[in-house]
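Colleague: I would like a close look at one part of this model, the open five-stranded sheet and the loops that lead into and out of it, set against the rest of the chain. Please take me through it in one connected account.

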Amino acid sequence: MKVLSKILGMALLVFMFASCAPGRIMAQQEGGYISDQEFYDELQPYGTWVYDPQYGNVWVPDVEEDFRPYATRGYWAMTDYGNTWVSDYPWGWATFHYGRWRFDDYYGWEWVPGNEWAPAWVSWRNGGGYYGWAPMEPGISIDAAYSDNYNVPDNYWIFAPYAYINYTNVYNYYVPYNRTRTIIRNTTWLRNSYNYNNRVYYGGPRREEIQRYSNRPVKIYNINNVSRPSRITVNNNNINIYRPAVRQNTGARPARVVDGAAYQQQNPAQRIGSRDRSRGTVYNAENAAKLSEAAKNSRPDSRIIRGNNNDGRGTVNPARPTQPDAANPNQGNVTNPTRGNRPVNNDVQQQQRNTDREQARQQQQQMRQQQRPARQQQTDQQPTNNPAVNNNDAQQQMREQQRQQQDQQRQQQQQVREQQRQQQDQQRQQAADQQRQQQQQQARDQQRQQQDQQRQQQQQAREQQRQQQDQQQQALDQQRQQQDQQRQQQAREQQRQQQDQQRQQQAREQQRQQQDQQRQQAREQQKQQREQQRQQQRQEQAAPAGRPVRN
């Protein structure tokens, strides 16, 4: 009976193991729901987890210097949920569709995990020929984010002209930051809502508006769920994205967490994020690399780095979580449980899951084989009246047990060899995956550098074109000023000539009048003289002889 009890106990343990662990793994493979531990595991290779006293564990990405959430390496695509952000980052499925972003004056842009899916967690504005969007900060509900009482920092906003909002290279049309404040004053909140599966999403401008402004059709894409974390891809009319529902895990935490306050106090000059009047937000890649190096050091400083060695499963909320289509975006989206685990490659996880299932199956088979002799022993223990039969049965049972033990030993040896082979295959696969990831990362880096160079060249070309236009405008202004001056000078010269002519004419007229007056006076004098002469002559003729004539 003791042997039977032991066998039954082992069988029960194997059954529990087979029914619990593989089931959890399969649930993740099917993409239905996951623990929020997956955020920690999947994002660990691409950034650093930092503990913030207000928001808990936040993630600081390893990105390029001009990074801005919902602006860098991505674009807007129209879906049934509204405008959906399609990110080129391999971690974009998580950080742009769950949780919120905020800017810290020391660590720069930080992502705060959340459990609700949305096409994007942004606020929208509209007006003056531009659409604008800005990341929603943690702790802000949808209603509050679109109220006049919510003050979004200026350096959160991105603006683009109406016609280019759905261009895949919309980043080439972003308005310079130094014009942002002026545009904000000329815009209003854009509260367009989209109903999908009886849920409301705020998804920015409508398709009809964009078509009217861009004069071209806007394609509506389908959201296609994939079964594992990966980069968002687009083919035909489908956006392929990993978007499982997330259940809270009270034991989830990163494998390593940087104490934000302690690291900042120890390294006050190694600021990662800062604000700039002309550029908005600035990211220091060199200091970010130092933070990442400190977190991943083989001998971390225990004063600033916290290590977690548990398996990260913790206690999971037993209630079935809400699926993505049923997520209610009108609720707050801040959750700060303590989380953690080591990051694992996706292919290695798949191999480990397959190994776990195979081991569980083999152990179940072993337990069934172990149960057979126990049942046979119970049958053999029934009383019999024939000693010879009893003796033969006992010998038969012993030979059967020996044979089964030998079979078990061979199976165990086979399992050991199989496990060794699987481990070797995993190691080879890990090495191949790491090499492939390095090559892919190098290719992505080269492509990103080329894109950055192209953007810089385009920016320089636009800047040169603008300078040339400014110079041409200045030349036109100078030419116009010269023409105005010439016209004014000609007008003054003409006026002066006219005045001279008038003065000359007046002088001639006065001279003529004087001459006329002089001639008139001369004639009058001559006339008077002749009259006097005639009078004298008449007097002389009328006076008697010898008598003088009195005058």
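Modeller: Since this is a predicted model, what follows describes computed geometry, and I begin with asparagine 215, which sits in the loop between helix H6 (207-214) and strand E14 (220-225). Its phi is positive, at about 60 degrees, although the residue is not a glycine. Most residues other than glycine have a negative phi. Asparagine 215 counts as exposed because its relative accessibility is 68%, the cut-off for that class being over 50%.

The loop that holds asparagine 215 ends at strand E14, and E14 belongs to an open sheet of five strands, ordered E5-E4-E14-E16-E15, in which the pairing is mixed. At the edges of this sheet stand strand E5 (82-87) and E15, each of which pairs on one side only. Ignoring direction, neighbouring strands are turned against each other by 45 degrees on average. Within the sheet, E14 and E16 run parallel and are joined by four bridges, and asparagine 222 stands opposite asparagine 238 in E16. As a general matter, strands of a sheet pair through backbone hydrogen bonds, in either a parallel or an antiparallel manner.

Strand E15 (233-235) and strand E16 (238-241) are linked by a loop in which asparagine 236 lies. This residue, too, is not a glycine and has a positive phi, near 55 degrees. Asparagine 236 has a relative accessible area of 68% and is therefore exposed.

For contrast with these exposed loop positions, consider helix H8 (residues 285-296), whose twelve residues reach 16 Å from the first C-alpha to the last, close to the 16 Å expected at 1.5 Å a residue. Its buried residues are Asn287, Ala288, Leu291, Ser292, Ala294 and Ala295. These lie on the same side of H8, because they cover an arc of only 160 degrees around the axis. They pack against strand E2 (47-52), strand E18 (256-259), helix H7 (260-266), strand E20 (280-283) and strand E21 (305-307), while the face turned away from that buried side carries the exposed residues Glu286 and Glu293.

A further buried position is phenylalanine 159, found in strand E10 (residues 158-161). Phenylalanine 159 counts as buried because its relative accessibility is 2%, where the class requires a value under 20%. Setting aside neighbours within four places in sequence, phenylalanine 159 is in contact with Tyr130, Tyr131, Gly132, Tyr173, Tyr174, Val175, Thr180, Ile183, Ile184 and Thr187. One of these, isoleucine 184, is 25 residues away along the chain, and its C-alpha atom is separated from that of phenylalanine 159 by 9.1 Å.

As for the setting of these parts, the protein chain comes to ten helices and 21 strands, and buried residues make up 39% of its 551 residues. Among contacts between residues at least 6 apart in sequence, 71% join residues at least 24 apart. The accessible surface of the chain comes to about 32900 Å², and 41% of that area belongs to carbon and sulfur atoms.

Terms used. Residues numbered from 1 in each chain as written. Predicted model: local features only at pLDDT ≥ 70, side-chain atom pairs only at ≥ 80, totals over all residues. Heavy atoms only, no water. Helix = DSSP H or I, 4+ residues; strand = E, 2+ residues; numbered from the N terminus. Buried < 20%, exposed > 50% of the residue type's maximum accessible area, 1.4 Å probe, protein only. Pairing = 2+ DSSP bridges. Axes fitted to C-alpha atoms, helices over the stretch in contact; angles between N-to-C directions. Contact = heavy atoms within 4.5 Å. Areas by Shrake-Rupley, 256 points an atom, 1.4 Å probe, with all protein chains shown as cover. Expected span 1.5 Å × (residues − 1). Arc of directions from axis to C-beta.
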